[in-house]
Amino acid sequence: MTTTTAPATSEPGSHIGLSEAFTDAMVITRRGIVRILRLPQLLVFATIQPVMFLLLFNFVFGGALGETLPPVANGEYINWLMPGLLVQIVTFGAGQTATGLTEDLSSGVIDRFRSLPMARSAVLAGRTLADLLRNAFVITLMLVVAVLIGFRWQASFAGFLGGVALALGFAFSLSWLMASLGLKIKNPEAVQSAIFIPVFPFVFASSVFVPTDTFPTWLQAFADHQPVTVVANAIRGLMLGVGALPAGQTVTGQVWLAVAWIVGLLAIFAPLAVRLYRRAVI
Amino acid sequence: MPDHVVTDPILTAEGIVVRFGDLTAVDRVDLAVQRGSIYGLLGPNGAGKTTLIRVLATLLKPDAGRATVAGIDVVEDPGLARTRLGLAGQFAAVDEYQTGRENVQMIGRLYRLSARESRQRTDDILERIGLVDAADRRVGTYSGGMRRRLDLAASLIGRPEVMFLDEPTTGIDPRSRVGIWDLVQDLVRGGTTVLLTTQYLEEADVLADRIGVIDHGRIITEGTADELKATMGGTIIEVEIDPAHRDEYETALAGVGEGETTFDEQRNLLRIPAREGAESLLAVGRALDRAELVPVDIETHKPTLDDVFLAVTDDTPSDDAPAPSDGQAPGRKARR
């Protein structure tokens, strides 16, 4: 839409302090959580699908792949798979931030919110926070199932927790990317196809399921440098130890690289999403 | 604007202009709405009603002009203005997965009420709109009319001084419509000022203290329902004709009656506003007799807002007008 409306960059006299902004964000977070809990299709998507992926990939590929993995996997595919699958699951689920926002846009809910004396940041902060909590829940559930079918971290418990934190951080930064996409595209159906298609090459052409060294060179070049691989490697390094990483990589180096991706995505997409929200005229 | 004096204007607009690319959706609109009254913006689809409401409710910055709500400039200080206004848009913006009570309480919290105050006021509001029994059901189970009432009432929790209602009864059944009308009148009795848009003449006639007829972004005429009807003369004479001879009829009837004669192409009716019913009817008869024309039928009736509307708005249906003029994306329109 080519409106000439200037973004409301500064709103003198908005009278909204930090604590009010926090309360508003909490109200919207609660709304987001209620939505996830009460809409069966969201809850199914959030819980059954990841567990299904975990079980299918492990039992279908595990037997064939177990022997070929680096020794740190201890011959168990689940040990290799689980750290990568955390990244896969948060990447697949991130689109929910976008679809939820487009639904709010087209149903007029965003208009109502924008007419209320609430903090402008609250709708986006609340939505992304609710999605972060959803991810935390899904990851916990997956880890429980993974441990039941044999997953054990091979490095330290602290490393394991660090890996979970990285997965959540990546999920949060993707939420803001998806929020920007949703606010830009606006149409709920269009946004779904816009997200779903690019997600596949990022997740599959990565180190999530297998080491990338058997990929053709051209694909390996992409796979080794894209964020899903970077974050998956960092989590794997933290959970399994340096032996899980391609030659020449260090755990610290991968973690810093993953953090750089997370911070970079946030630095670009959080301000962009806020800007798009302010001028989201539909 | 007519020489009507608004002694205590709570909502004002001066020279509001909104452009979408080449299209001027709102074109130099002035408004002054008396505190405690209902102002009806009447116009066809795409006339600019929604865009104007979006400006007044701080959702859209105008390209020119200024507007105030309760004395607060909506462009200069939208944050403060929002504490004084409430908006119920064209779609019931309530969450289906929350109960009626949860929806209202949430809006209360976002109006900066404490959790306790929000709960108390929610009870009052649910009682007022007759949703006490359904309060703890999810909105997904509500009828269209119930959702609308809830949507409208949700904004009341902030006790806004001015409520904007964008087509509050579009798409709901006639019985629920009356329920919404009662609610709006109840609101005004409580001291709230209401600006509503509508495509329904009857709605404007029943509810609005003053009516502005808007078309192509401009307010073309304004007044009370009675004033607007009076501009049409005391009586409307409708002559049903054979459309093949329209020109002959128009020539024969030129100068008969008061004001402009209009032609309704769908029903082949020539509408002639007249001051004196019987005398003008005889004049029409004599004119047709002289021209040796025998119409299909002749009727007289008192003017309705319909007649005003047809006389002052463009007779080309504005459904084809570009969608953004009403502030809607095409995708959204398709969802209706």
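**Two chains, one predicted model**

Hi everyone, let's begin with a small piece of chain B: strand β4, residues 64–69, pairs with β5(B) in the antiparallel sense, over 2 bridges. One thing to keep in mind as you look at the picture is that this is a predicted model.

Let's stay with that pair of strands for a moment. Which residue is the bridge partner of B:Thr68 in β5(B)? That partner is B:Asp73. If pairing is a new idea for you, strands of a sheet are held together through backbone hydrogen bonds, and they can run either parallel or antiparallel.

Now zoom out a little. β4(B) and β5(B) belong to an open sheet of 4 strands, and its order is β2-β1-β4-β5 in chain B. The pairing in this sheet is antiparallel. Which strands sit at the edges? They are β2, residues 23–34, and β5, residues 72–73, of chain B, and each of them pairs on one side only.

Further along chain B there is a hairpin to look at. Strand β9, residues 210–215, is joined to strand β10, residues 218–223, by 5 bridges, and the two run antiparallel. Find B:Ile214 and look across to β10(B): the bridge partner there is B:Ile219. Between the strands of this hairpin there are 2 residues, and B:His216 takes a positive phi near 50°.

Next, a helix. Is helix α3 of chain B, residues 100–110, largely enclosed or not? Of its 11 residues, 8 are buried, so the rest of the structure largely encloses this helix. Among those buried residues are B:Val104, B:Met106, B:Ile107 and B:Leu110, and the list also includes B:Glu102 and B:Asn103.

What covers them? Part of the cover comes from chain B itself, including α4 (115–128) and α5 (144–156). Chain A contributes too, with α1 (18–38) and α4 (109–114) among the covering helices. Just after α3(B), have a look at B:Arg112, which takes a positive phi of about 75°.

That brings us to chain A. How many helices and strands does chain A have? There are 10 helices and 0 strands, and read along the sequence the pattern is α-α-α-α-α-α-α-α-α-α. The radius of gyration of chain A is 20 Å, close to the 19 Å that the globule rule gives for 282 residues, so chain A is as compact as a globular protein of that length. Along its principal axes, the C-alpha trace of chain A spans about 65 × 35 × 35 Å.

Chain B, for its part, has 12 helices and 14 strands. Its C-alpha trace spans about 80 × 45 × 40 Å along the principal axes.

Let me put some numbers for the two chains next to each other. In chain A, 55% of the 282 residues count as buried, while in chain B buried residues make up 54% of 336. For the surface, chain A has an accessible area of about 11500 Å², with 72% belonging to carbon and sulfur atoms. Chain B has about 14600 Å², and there carbon and sulfur atoms account for 46%.

Finally, charges. Chain A carries 16 positive and 12 negative charges, and their mean positions are 9 Å apart. Chain B carries 39 positive and 57 negative charges, with mean positions 10 Å apart.

That's my tour, and thanks for listening!

Note on methods:
Residues are numbered from 1 along each chain as its sequence is written. Chains are lettered from A and ligands numbered from 1 in the order in which they are written. This is a predicted model: local features need pLDDT of at least 70, side-chain atom pairs count only at pLDDT 80 or more; totals for chains, interfaces and linings use all residues. Side-chain values use heavy atoms; hydrogens and water are left out. The radius of gyration is taken over C-alpha atoms; the globule rule is 2.2 Å times the number of residues to the power 0.38. Buried means under 20% relative accessible area, exposed over 50%, partly exposed in between (1.4 Å probe, protein chains only). Accessible areas come from the Shrake-Rupley method with a 1.4 Å probe; for residues, only the protein chains shown count as cover. Lys and Arg count as positive and Asp and Glu as negative; His and the chain ends are not counted. The place of a charge is taken as NZ of Lys, CZ of Arg, CG of Asp or CD of Glu. Two strands pair if DSSP finds at least two bridges between them. Contact means heavy atoms within 4.5 Å.
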